[in-house]
Amino acid sequence: MAASAAAGGIGAGADRRVQIRGFWGLRSSGLIPFGRPLPALPIGSSSGFSSIIRAVSTPTKPDTAVKRSKVELFKEQSNFLRFPLNEELLSEAPNINEAATQLIKFHGSYQQTNRDERGVKSYQFMLRTKNPCGKVPNKLYLVMDDLADEFGIGTLRLTTRQTFQLHGILKKDLKTVMSTIIKNMGSTLGACGDLNRNVLAPAAPYAKKEYVFAQETAENIATLLTPQSGAYYDLWVDGEKVMSAEPPEVVKARNDNSHGTNFPDLPEPIYGTQFLPRKFKIAVTVPKDNSVDILTNDIGVVLVSDDDGEPRGFNIYVGGGMGRTHRVETTFPRLGEPLGYVPKADILFAIKAIVVTQRENGRRDDRKYSRMKYLISAWGIEKFRSVVEQYYGKKFEPFRELPEWEFKSYLGWHEQGNGAMFCGLSVDNGRIGGKMKKTLREVIEKYNLNVRITPNQNLILCDIRCSWRRPISIALAQAGLLLPRYIDRLNLTAMACPALPLCPLAITEAERGIPDILRRVRAVFDKVGLKYNDSVVIRVTGCPNGCARPYMAELGLVGDGPNSYQIWLGGTPNQTRLAKSFMNKVKVQDLEKVLEPLFYNWRIERQRHESFGDFTTRMGFDTLQELVEKWEGPGESSSSRFNLKIFSDRQTYEAMANLAKLQNKSAHQLAMEVIRNYVAAQQNGKGE
């Protein structure tokens with residue numbers, strides 16, 4: 001792999017730069033030589049490069065060796081992700097060793113233990129599928145449903161990157177589960193590890209030209225950046241390659257080496273022996289549609305069409321990413337920024353050039369700083385663009401103007417545009433189990449439906465005939481899968497990562513804790529006099545890695561210790577502004593002490609149509625901190641505990657309040673649930 005110079009300063013944004021010791025690319029440990037370095041350029045310079053940058057093999061002197069992380073050595077010595085994983089899978093032990101644990105991530109699996117259990121560790125594996133655009137064929141969904149019951153914990157988990165996760169797989173069952181997925185139109189290859197992860201795109205199955213083209217582009221990018229060595233098929237299906245034919249434009253872009261991007265003599269022409277420094281995330285969308293959190297990705301691709309709706313090219317954002325480390329200020333979430341525009345025929349070449357720039361220059365000594373966002377923060381966008389252009393072979397055109405972004409959930413019933421309909425279903429935290437799981441399987445199997453997973457952990461049933469709408473609606477409602485107008489708005493936009501008990505990085509609860517947190521937030525809304533249709537975007541993670549993208553939320557809760565959270569405020573409903581850290585180590589039982597004054601003052605001080613995120617940003621954290629410190633509670637007039645719109649007398653209220661206490665809810669919450677469920681039961685199949 002070519003050894004290219006990475007700048008030494010890692011910045012937390014344009015307004016603050018923190019210097020970190022530089023890492024000067026890769027050097028060989030003696031097994032495989034790497035290429036020559038690029039000349040260093042001052043930030044903003046576009047001169048000083050040869051016309052072609054070559055990633056060719058040239059010997060390097062032993063004294064040029066620099067520190068590399070342990071994972072880099074594991075990758076280099078793995079024979080393209082095979083060894084020692086192949087040997088570890090054959091052993092009698094219930095777990096695999098450290099090197100194999102890192103390598104199996106590239107195959108789509110994490111080794112985990114149940115942290116609720118004390119004593120002897122109970123090893124198990126989480127499998128994650130790779131579903132570009134969230135597309136799941138009917139056959140694959142039914143197989144995943146079966147595998148969850150037979151080999152997992154009986155539930156399916158929808159992720160924030162439009163994939164499935166299966167939890168609780170034992171080592172002895174890994175090959176059976178993996179091979180079953182592969183042979184039923186699925187894959188887990190590249191769902192984890194230091195390479196391109198699942199490519200996001202709007203999940204809506206519209207027949208509109210722009211949506212179809214954007215989704216095809218996402219699938220092509222995913223195919224372009226899929227590992228090529230065959231190790232995945234060697235390990236899980238004994239070398240049988242179960243693959244569909246690749247589009248010719250993908251093959252052409254992968255094989256093209258006219259600008260020194262490839263390792264022509266290696267089984268991995270783009271990734272080489274070392275793959276990428278860290279995970280790499282890409283999303284594709286159309287103008288306005290920010291269902292994919294476009295700015296949080298390493299690369300964000302936006303289709304640009306002409307006035308007749310004909311696709312012409314793509315705007316490209318670069319440098320987004322969520323992960324950080326608590327109280328290490330040199331790590332930070334970051335939004336993508338405009339790189340430029342490319343014609344539609346060039347998109348795969350441009351993507352490849354960006355990936356190669358990160359491959360050659362991203363840090364490999366300290367994994368905390370290995371994401372592409374740190375490279376761009378260190379170099380600045382001008383230098384980054386200049387280097388990418390050498391691998392791309394062209395100059396980027398000016399970024400095209402885009403309309404305002406909107407968050408789109410695609411919940412409820414919609415016309416696809418081809419005579420069929422689709423139905424978006426709200427799935428709390430993406431966890432499908434119990435009666436919901438049973439009913440979904442029955443509906444999907446009976447009507448032979450394909451499905452799609454959304455980036456908000458929800459599910460879309462596709463290709464529904466109009467005559468099926470009523471029976472499907474009735475079946476779904478009976479399983480608790482209600483139309484969005486019957487669901488608390490807080491739940492519709494909330495997200496949480498799995499966290500405890502299986503994630504080894506979790507510091508506190510997320511998925512298991514968010515239902516109670518949302519109920520408590522709704523109770524605070526009632527107490528301070530906010531209306532039922534008032535809502536905020538709430539996201540909860542068990543650690544600072546940010547899998548549920550909490551740093552884009554209006555209210556983000558980030559695990560900061562046992563039963564405590566760091567509170568982030570200031571994101572927007574359309575996910576276009578980073579939140580900022582407001583308070584550290586707030587115990588879960590003390591959340592109301594912070595939220596009550598914030599929500600009360602939002603109610604009385606907000607401007608017309610002002611979101612909670614915009615309100616907290618306008619007020620400033622010093623003012624908000626003072627409001628929290630001086631809070632003595634709202635006046636009695638602010639409370640809606642005797643909500644006469646629902647309760648006509650105190651006796652009814654008190655009876656409902658007593659029932660609500662048993663469910664850890666407010667009387668207002670329980671009453672609204674009863675009303676919504678009654679209305680849903682009466683109106684099954686009669687509208688959205």
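Let's start at one spot in a sheet: F125 stands opposite I169 in β7. Keep in mind as you look around that this is a predicted model. The strands behind that spot are β4, covering residues 123-128, and β7, covering residues 164-169, and they pair in the antiparallel sense over three bridges. In general, strands of a sheet pair through backbone hydrogen bonds, either parallel or antiparallel.

Stepping back, which strands make up the sheet, and in what order? There are five of them, forming an open sheet that runs β3-β4-β7-β6-β14, with antiparallel pairing. At its edges are β3 (109-113) and β14 (431-432), each of which pairs on one side only. Helix α5, residues 174-182, lies across β3, β4 and β7, and runs at about 10° to β4.

Helix α5 also leads us to a salt bridge. K175 and D238 form one, with their closest N and O atoms 2.6 Å apart. K175 lies in helix α5 while D238 lies in the loop between α7 (231-236) and α8 (248-255), so this pair ties together parts that are 63 residues apart in sequence. Are the two partners buried or exposed? D238 has a relative accessibility of 60% and counts as exposed, whereas K175, at 35%, is partly exposed.

The whole structure holds 46 salt bridges, and others link residues within one helix. E72 and K75 form a salt bridge whose closest N and O atoms are 2.8 Å apart. Both residues lie in helix α1, three residues apart, which is about one turn of the helix. E72 is buried, and K75 is buried too. In helix α15, R520 and D516 are four residues apart, again about one helical turn. Their salt bridge has its closest N and O atoms 3.7 Å apart. Here R520 counts as buried at 17% relative accessibility, while D516 counts as partly exposed at 22%. Salt bridges can also be chained: D145, D146, D149, K437, R441 and E445 are joined into one network through shared partners. The general idea is that side chains of opposite charge can pair when their charged atoms come close.

Now for the rings. A search of the whole structure finds 23 aromatic pairs. One of them is Y271 with F275: the ring centres are 5.3 Å apart and the planes meet at 25°, so the pair is stacked. Y271 is buried, with a relative accessible area of 1%, and F275 is buried with 0%. For an edge-to-face arrangement, turn to W602 and F612, which are 5.4 Å apart centre to centre, with 70° between the planes. W602 lies in helix α16 (residues 591-605) and F612 in helix α17 (residues 612-619), so the pair ties together parts that are 10 residues apart in sequence. W602 counts as buried at 2% relative accessibility, and F612 does so at 0%.

W602 has a charged partner as well: R606 lies over its face, at 4.7 Å from the ring centre. A similar motif appears at Y206, where the charged end of K208 sits over the ring, 4.2 Å from its centre. Y206 in turn belongs to one aromatic cluster with Y211, Y410 and F422.

Finally, have a look at the backbone. Most residues other than glycine have a negative phi, and most peptide bonds are trans. Where does this model depart from that pattern? The peptide bond from F83 to P84 is cis, with omega near 0°, and P84 is found in the loop between α1 (70-76) and α2 (85-88). Another cis peptide bond joins L500 and P501, with omega about 10°. P501 is in the loop between β17 (495-496) and α15 (514-528).

That loop between β17 and α15 also holds A499, which has a positive phi of about 55° although it is not a glycine. A499 is buried, with a relative accessible area of 4%. R549 likewise has a positive phi of about 55° without being a glycine. R549 lies in the loop between β18 (538-541) and β19 (555-561), and at 4% relative accessibility it counts as buried.

How values were computed:
Residues are numbered from 1 along each chain as its sequence is written. This is a predicted model: local features need pLDDT of at least 70, side-chain atom pairs count only at pLDDT 80 or more; totals for chains, interfaces and linings use all residues. Side-chain values use heavy atoms; hydrogens and water are left out. Rings of Phe, Tyr and Trp (its six-membered ring) pair if their centres lie within 6.5 Å; planes under 30 degrees apart count as stacked, over 60 as edge-to-face and the rest as tilted. Buried means under 20% relative accessible area, exposed over 50%, partly exposed in between (1.4 Å probe, protein chains only). Helices (H or I, at least four residues) and strands (E, at least two) are DSSP runs, numbered from the N terminus. A charge sits over a ring if NZ of Lys or CZ of Arg is within 6 Å of the ring centre and within 35 degrees of the ring normal. Two strands pair if DSSP finds at least two bridges between them. Contact means heavy atoms within 4.5 Å. Axes are lines fitted to C-alpha atoms, for helices over the stretch in contact, and angles run from 0 to 180 degrees between N-to-C directions. A salt bridge is a side-chain nitrogen of Lys or Arg within 4 Å of a carboxyl oxygen of Asp or Glu.
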